[in-house]
Amino acid sequence: MLNEKLLKVQNLEIESIRLGTKINDLEKEKRELLSKLAEVERKIESAADKLREKEKELSELKNFIEYKKLRIEELEKQKESAKSREEFKKVLRAIAKNEDEVIKAKQKLTMVEAEVEALKDAYRKVKEQFSPEIQKLKEEIEEISSEVEILKRKKEKLLKEIEDLKSSMEPSEIEKFEQLKSKFNGLVFSDISSGACEGCGMTYSPAEYRELIKNLTPGKSKCPYCGRFIYSKKLVKA
Ligand SMILES: [Zn+2]
């Protein structure tokens with residue numbers, strides 16, 4: 001039953017399986033690169049988070065000082081219009097308390113400002129350190145993605161070709177082929193042009209090989225060891 005069309009189908013199917021494996025490998029590689037990228041980006045993000053938190057603390061501290069200053073101005077006015085000595089003393093104590101808070105807050109402000117500067121520096125450094133790696137990872141991912149796209153299109157084309165070939169054949173012929181395929185692990189037609197059976201791997205003796213080639217009838221001759229239909233690539237254009 002060697003039929004050029006079926007041999008073509010077999011070769012196309014093998015090629016499409018090979019492409020599928022390659023696509024899976026590339027997609028796995030891409031997933032690994034993506035998780036590496038996320039990991040590196042997290043390092044930068046974490047430095048940015050720390051900086052943002054510290055900047056928030058700084059701005060809250062500044063707001064607190066501003067608020068206290070307004071409060072003191074207000075108290076100064078109350079001091080001017082105090083109606084009793086008792087009230088005057090009370091306002092003075094409140095002013096002193098607020099001024100004390102401002103002094104403490106300003107001391108803290110200096111410290112927090114220094115911390116913000118240090119975190120800015122750390123953020124800049126971590127970005128500088130990892131930017132080339134991120135760039136490289138992104139490029140690699142991009143490359144793999146476009147390669148996968150190309151392979152997927154190729155595979156689709158192959159599947160279409162297989163479909164077209166099959167639809168031009170007798171269903172019974174295809175059914176027979178499918179049965180043989182599952183019997184022979186997908187390889188029904190075995191090339192022996194290397195002196196060995198491509199299907200079972202058996203190397204023929206020179207005499208045996210000469211005999212097989214001499215009597216080779218495509219579609220009838222079989223490998224004496226595994227029973228696959230044999231052909232020679234050198235004799236048949238596949
Ligand atoms: Zn064989």
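This report walks through the domains, helices and a few single residues of a predicted model.

**Two domains**

Start with the big split: the domain assignment gives domain 1 as 4-169 and domain 2 as 184-231. Measuring from C-alpha atoms, their centres sit 62 Å from each other. They do touch, though: four residues of domain 1 are in contact with five residues of domain 2. On the domain 1 side, that patch has two nonpolar residues, one polar and one charged.

**What the UniProt record adds**

The unreviewed UniProt entry lists two stretches that are handy to set side by side. One is called "coiled-coil region", and the other "domain: C4-type zinc ribbon". Here is how each stretch looks in the model:

| Stretch | Helix | Strand | End C-alpha atoms apart |
|---|---|---|---|
| Residues 9-168 | 97% | 0% | 12 Å |
| Residues 196-230 | 26% | 6% | 10 Å |

So much for the overview; now for the pieces.

**Helix 1**

Helix 1 covers residues 4-80, which makes 77 residues. What span should it have, and what span does the model give? At 1.5 Å a residue the expected value is 114 Å, and the end C-alpha atoms are 111 Å apart, so the two agree. The buried residues in this helix are Leu6, Leu7, Val9, Gln10 and Ala47. Their packing partners are helix 2 (85-167), helix 3, strand 1 and strand 2 (229-231). As a general point, an α-helix has 3.6 residues a turn, so residues three or four places apart point the same way.

**Asn185, in a loop**

Next comes Asn185, in the loop that links helix 3 (171-183) to strand 1 (189-191). Its phi is near 55°, which is a positive value in a residue other than glycine. Is Asn185 buried or exposed? It has 11 other C-beta atoms within 10 Å, and exposed means 12 or fewer, so Asn185 is exposed.

**Glu208, in helix 4**

Glu208 belongs to helix 4, residues 206-214. With 13 C-beta neighbours inside 10 Å, Glu208 falls between the exposed limit of 12 or fewer and the buried limit of 20 or more, so it counts as partly exposed. How far is Glu208 from Leu165, in sequence and in space? The pair is 43 residues apart along the chain and 34 Å apart from C-alpha to C-alpha.

Conventions:
Residues are numbered from 1 along each chain as its sequence is written. This is a predicted model: local features need pLDDT of at least 70, side-chain atom pairs count only at pLDDT 80 or more; totals for chains, interfaces and linings use all residues. UniProt positions are given in the numbering used here, feature names are shortened, and annotations may be inferred rather than shown by experiment. Helices (H or I, at least four residues) and strands (E, at least two) are DSSP runs, numbered from the N terminus. Domain bounds come from an automatic or database domain assignment. Two residues are in contact if their C-beta atoms, placed from the backbone, lie within 7 Å. Ala, Val, Leu, Ile, Met, Phe, Trp, Tyr, Cys and Pro count as nonpolar, Asp, Glu, Lys and Arg as charged, and the others, Gly among them, as polar. The expected span of a helix is 1.5 Å times one less than its number of residues.
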